[in-house]
Amino acid sequence: MANKRPHSDGRVLESGSPGKVAAARAVRGSLRPSARKLPSSTPPDEQSKLLARLKAAEATLRAIQSGEVDAFMVSGRRGKQVVALKGGEPAYRMLVEAMSEGAATLSRNGALLYCNRRFAELVRRPHEKMIGLAVQSLVAKTERDRFAAFLADGQKAVVKGEFNLRYRDGSLLPVHVSLNRFPGYQGHALGMVITDLSEQKRKQADEIKQAEVTRRLLMEHILSAQEEERRRIARELHDEAGQLLTSLLVGLRILGDSRSLAGTKAQGLRLRKITAQALDEVGRLARGLHPSVLDDHGLRVALSRYVAEYMKSYNIAVNLKCNELDSLSLSSALQIGLYRIVQEALTNVARHSGAKTVSIKFTRSATALDVAIADDGCGFDAKAVAVSSHRLGIQSMRERVAMLGGTVSFASRSRGTKILVRVPLAEQHLQPSEERRNL
């Protein structure tokens, strides 16, 4: 068999019998039209056969002389052997040699009929010793059965896959292999392109490592935020509810020592007020942990009540526009996520901005729900915050938005800050119509 260059398709020609390659070399470069005269004593049928063989030989020699043939597969007593030919370098060969990928022509059983220098470099072998080598021997041992099936599939259709090439020292090179038969040759020749994946695998490993670092940082932030929340609740229980309960206890002692009915009634009235304050405070803390109104009445009502308490506690005016929520039936995960995001944003405003007014506006598009939160406070360095990992409030908002599959951006000037949250209205964020709540 021989590899023909003009079509750059690795054509494989059958040699009729052993020794024809040597005969071809003897006459290479001396092709001339033949008179094709045969002895008159030769029978006509034998003459036809001889003329046909002579015509085939001349065609083969002409292919060799024009540089169309790269190699022969010769059958002999030792079985099939690959014989490579050296010839001129047509344009396609220069192109293949200049490729950054490895390229090779294989026989149907995987013997290398041709390969470019890049392929030899990839497997760290001398280029001149590659012809005739079984490509299976270059594949990692554990993948050779899979590669044999890959070769068989390549004789039927284009196939692609990832393998590891094995160096002589045992190290492995990850590669992507594309295999296709050359048309018209019944699978006798296969074209193979090999792409080095080592850099890509290295980048993937770096990305996995970076993702692991990010995940660890997020876990640290979550744990830190949880601990901060516990401290806040403990402080408020001690400062507010604790003091009220202490006052209640002292009042009960006074009530027990009272000697007049009027004093007892007055003390009882005062204790009722203290008890009511304690209940309100415990309820406020409970709503901070998880607003039950969110489960009972939905996001719009829960935000309205939270904003009312917020304005009373911090003396900051809040303009809430969330009528868009009336026409939506959001999942519980999306509702609690948006509630916490707004809650965190308002907490940051109260703690850091010195703002007098805040506006919160919900708008809906065909595919997303936007939440814009703007204040008239002192602002901050948005660029510094974008790369900071120490601002737990902002980091918490980023994490919650990321879990919802959305995006968040911060814009701040010397006067005022605007936070824009966008979450997709994906199917998992919407409840079935029969489960919609009556807001």
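The following dialogue treats a predicted model, its sheet, its cores and its salt bridges.

Local features of this predicted model need pLDDT of at least 70 and side-chain atom pairs count only at pLDDT 80 or more, while totals for chains, interfaces and linings use all residues. Residues are numbered from 1 along each chain as its sequence is written, and side-chain values use heavy atoms, with hydrogens and water left out.

Student: Which strands are the edge strands of the open sheet of five strands?

Tutor: Strands are DSSP runs of E of at least two residues, and helices are runs of H or I of at least four, numbered from the N terminus. Two strands pair if DSSP finds at least two bridges between them. The order is β5-β4-β8-β7-β6, with antiparallel pairing. The strands that pair on one side only are β5 (112-115) and β6 (159-166).

Student: How many bridges join strand β4 and strand β8?

Tutor: Strand β4 covers residues 102-107 and strand β8 residues 189-196. Ser 107 stands opposite Ala 189 in β8. The two strands pair in the antiparallel sense, and the number of bridges is six.

Student: Which helix gives the most residues to the largest nonpolar core?

Tutor: A nonpolar core is a set of buried Ala, Val, Leu, Ile, Met, Phe, Trp, Tyr and Cys residues joined through side-chain atoms within 4.5 Å. Buried means under 20% relative accessible area, exposed over 50%, and partly exposed in between (1.4 Å probe, protein chains only). The largest core has 39 residues, and Leu 299 and Ile 360 are among those that touch the most other members. With eight residues, the element that gives the most to this core is α10.

Student: Is Thr 347 buried or exposed?

Tutor: Thr 347 lies in helix α10. Its contacts (heavy atoms within 4.5 Å) include Tyr 306 and Tyr 310, not counting residues up to four places away in sequence. Because its relative accessibility is 18%, Thr 347 counts as buried.

Student: What separates Arg 118 and Glu 121 in helix α4?

Tutor: A salt bridge is a side-chain nitrogen of Lys or Arg within 4 Å of a carboxyl oxygen of Asp or Glu. Arg 118 and Glu 121 form one, their closest N and O atoms being 3.6 Å apart. Because they are three residues apart in helix α4 (residues 117-123), the separation is about one helical turn.

Student: How many residues apart in sequence are the parts that Glu 162 and Lys 201 tie together?

Tutor: The side chains of Glu 162 and Lys 201 meet in a salt bridge, at 3.1 Å from N to O. Glu 162 lies in strand β6 and Lys 201 in helix α6 (residues 198-257), so the pair ties together parts whose separation in sequence is 39 residues.
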